[in-house]
Amino acid sequence: MKGVLSERKTLHPQDIERRELPDAAGRAVRELAREISTTLDSALRDAAAAATTLTDPVLIAQIDAGVAELPDDVHHALRPPATAAGATIVRRLPLTDDEFGPTPPDWREAARWSGAADLRARSFELDLVMLLLARCAGEPFGWQGQQGGRLVNNILPSPGHEHEQSGASSKTLLSPHSEDAFHPERANLLMLGCLRNPDSVGTTVSSVRRVELAAAQRRLLSTPLLPILPDVSYGTGHEQYSAAPLPTLWSPAGPDETTLRYDPAYTPLDDADPEFRAAYAKLTDELERVCVTAALTPGELLLVDNDVAVHGRVPFTARYDGTDRWLKRVNVRLPDRRRRAEESDENGYGQRIVAPFRAAATSAFVSGGREPVRPDGHRVNQPVATEREATHDRGSFEHP
Ligand SMILES: [Fe+2]
């Protein structure tokens, strides 16, 4: 897969659904974000702290109130992908390259610069824009062990991480995968916003609804046979949790509705029989065949349906001179989205989400209302998550 994908740097606009944010809609989002940013600056003066995770209850309330006032065009543009591509590019979010400063060297600096008025140009306002747009789509959430629990993550190449399977990497192909495939509370929708991408580095997307498989292969892949384990960035503590066998494919209403959980690097395929492995290999080949590469430009958002499509990134060479590719990412839950009932019994290997919007809506519950949480988002009676290796968005393990 590596060889083929790395050569696919061409944009195939006909293969991904495309939408445009009307001028007035884009302006409305920017103005609202500026307004909230200004209010926070004067109301909190600890705005830097709010910017650290974007989970401050005052901010959450302002986002919720603001989203209700945004034009219908914004809500309409941010609806989930509507075609079999499982991905949508939303164009024309207004932004200019000189407003958010140089590309930071890592997510920690990005977070620090974002909230500190006296440091570099701020990208805090862009974080608020992303949060508003994500809230139009559904419920933005973060992971306690990822980028400090921030709701808006920065994806940028970091020195020393070039060859990792992570958002901080560059020189290696980021292999196609479902985001956080191992976890029952993984995002339904991933939102990637492009601030800059001067080398037209491609994000790859492959939809399971475009693959062709024999009925017997679909049957095999729909059998709960193997687990998907957390990537190594979560540490080694997950052995204490039982690993539930999962189906790779789930088709509650026929092939047109098929969803997938796919992360071959963290699936113990050697434990399966040759027949299953062959079916899995066929799926991998098919995902490669239907792969589409989107080279995002500034002001474009890529919405990936994480139940329908896997995503990755082609290799590139980072410059580390402040001009490198810089994306902002938000995980979004779609409350109406149906998932396999058995998933509610999965333990998630101890990893916890940060879900302030759900907490705000229900006052005291997250995780589908099953378990109470403290105000900081931790569930009561549950251990705090293992801190996920901070730089990574999916691990430092070099996938085969
Ligand atoms: Fe990913």
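User: In which strand does Arg196 lie?
Analyst: The model shown here is predicted. In this model, Arg196 is part of a strand, and that strand spans residues 189-196. The strand that holds Arg196 is E6.

User: Is Arg196 buried or exposed?
Analyst: A residue counts as buried when its relative accessible area is under 20%. Arg196 has a relative accessibility of 6%. Because 6% falls under that cut-off, Arg196 is buried.

User: Which side chain makes a polar contact with the side chain of Arg196?
Analyst: The side chain of Arg196 has a polar atom 3.0 Å from the backbone oxygen of Gly101, but that partner atom belongs to the backbone. Among the residues in contact with Arg196, leaving aside neighbours within four places in sequence, are Asp97, Phe100, Thr103 and Trp326. The side chain that makes a polar contact with the side chain of Arg196, at 3.0 Å, is that of Asp97.

User: Where does Ser200 lie, and what is its phi?
Analyst: Ser200 is in the loop between strand E6 (189-196) and strand E7 (202-207). Ser200 is not a glycine, yet its phi is positive. The value for Ser200 is about 50 degrees.

User: Which residue in the loop between strand E13 and strand E14 has a positive phi although it is not a glycine?
Analyst: The loop in question runs between strand E13 (326-333) and strand E14 (353-354). The residue there has a phi of about 55 degrees. The residue is Tyr349.

User: What are the relative accessible areas of Ser200 and Tyr349?
Analyst: Ser200 is partly exposed, with a value of 42%. Tyr349 is buried because its value is under 20%. The relative accessible areas are 42% for Ser200 and 6% for Tyr349.

User: Which residues coordinate the iron ion?
Analyst: The donor atoms are NE2 of two histidines and OE of a glutamate, at 2.0 to 2.3 Å. Along the chain, the donors follow the spacing H-x1-E-x131-H. The coordinating residues are His177, Glu179 and His311.

User: How many residues apart are His177 and His311 in the chain?
Analyst: His177 is in strand E5 (residues 174-177) and His311 is in strand E12 (residues 309-313). The pair links distant parts of the chain. His177 and His311 are 134 residues apart.

User: What is the largest C-alpha distance among the residues of the UniProt "binding site"?
Analyst: The unreviewed UniProt entry places this feature at His177, Glu179 and His311. These residues are spread over 135 residues of sequence, but they cluster in space. The largest C-alpha distance among them is 7.9 Å.

User: Why do His177 and His311 count as buried?
Analyst: Buried means a relative accessible area under 20%. His177 and His311 are both buried because their values fall under this limit. The values are 1% for His177 and 8% for His311.

User: Which backbone oxygen lies 2.6 Å from a polar atom of the side chain of His177?
Analyst: His177 lies in strand E5, and strand E5 covers residues 174-177. The residue with this backbone oxygen is also in contact with His311. The backbone oxygen is that of Ser175.

User: Which element gives the largest share of the largest nonpolar core?
Analyst: This core has 46 residues, and Ile63, Leu78, Leu132, Leu133 and Met191 touch the most other members. Elements giving two or more residues to the core include helix H2 (23-44), helix H4 (57-69) and helix H7 (124-137). The largest share is 11 residues, and the element that gives it is H7.

User: How many residues are in the other core, the one with Ala87 and Val292?
Analyst: In soluble globular proteins, nonpolar side chains tend to be buried together. The other core lies apart from the largest one. Its members include Ala87, Leu192, Cys194 and Val292, and its size is 20 residues.

User: What share of the residues in the protein is buried?
Analyst: The protein has 10 helices and 16 strands, and its chain has 400 residues. Its accessible surface comes to about 15700 Å², of which 51% belongs to carbon and sulfur atoms. The share of residues that is buried is 57%.

Technical notes
Residues are numbered from 1 along each chain as its sequence is written. This is a predicted model: local features need pLDDT of at least 70, side-chain atom pairs count only at pLDDT 80 or more; totals for chains, interfaces and linings use all residues. Side-chain values use heavy atoms; hydrogens and water are left out. Helices (H or I, at least four residues) and strands (E, at least two) are DSSP runs, numbered from the N terminus. Buried means under 20% relative accessible area, exposed over 50%, partly exposed in between (1.4 Å probe, protein chains only). A polar contact is a pair of N or O atoms within 3.5 Å; within protein, one must be able to donate a hydrogen and the other to accept it, and residues adjacent in sequence count only if both atoms are side-chain atoms. Contact means heavy atoms within 4.5 Å. Donors are N, O and S atoms within 2.8 Å of the metal (3.2 Å for Na, K and Ca); water is not among the atoms, so sites may look incomplete. Accessible areas come from the Shrake-Rupley method with a 1.4 Å probe; for residues, only the protein chains shown count as cover. UniProt positions are given in the numbering used here, feature names are shortened, and annotations may be inferred rather than shown by experiment. A nonpolar core is a set of buried Ala, Val, Leu, Ile, Met, Phe, Trp, Tyr and Cys residues joined through side-chain atoms within 4.5 Å.
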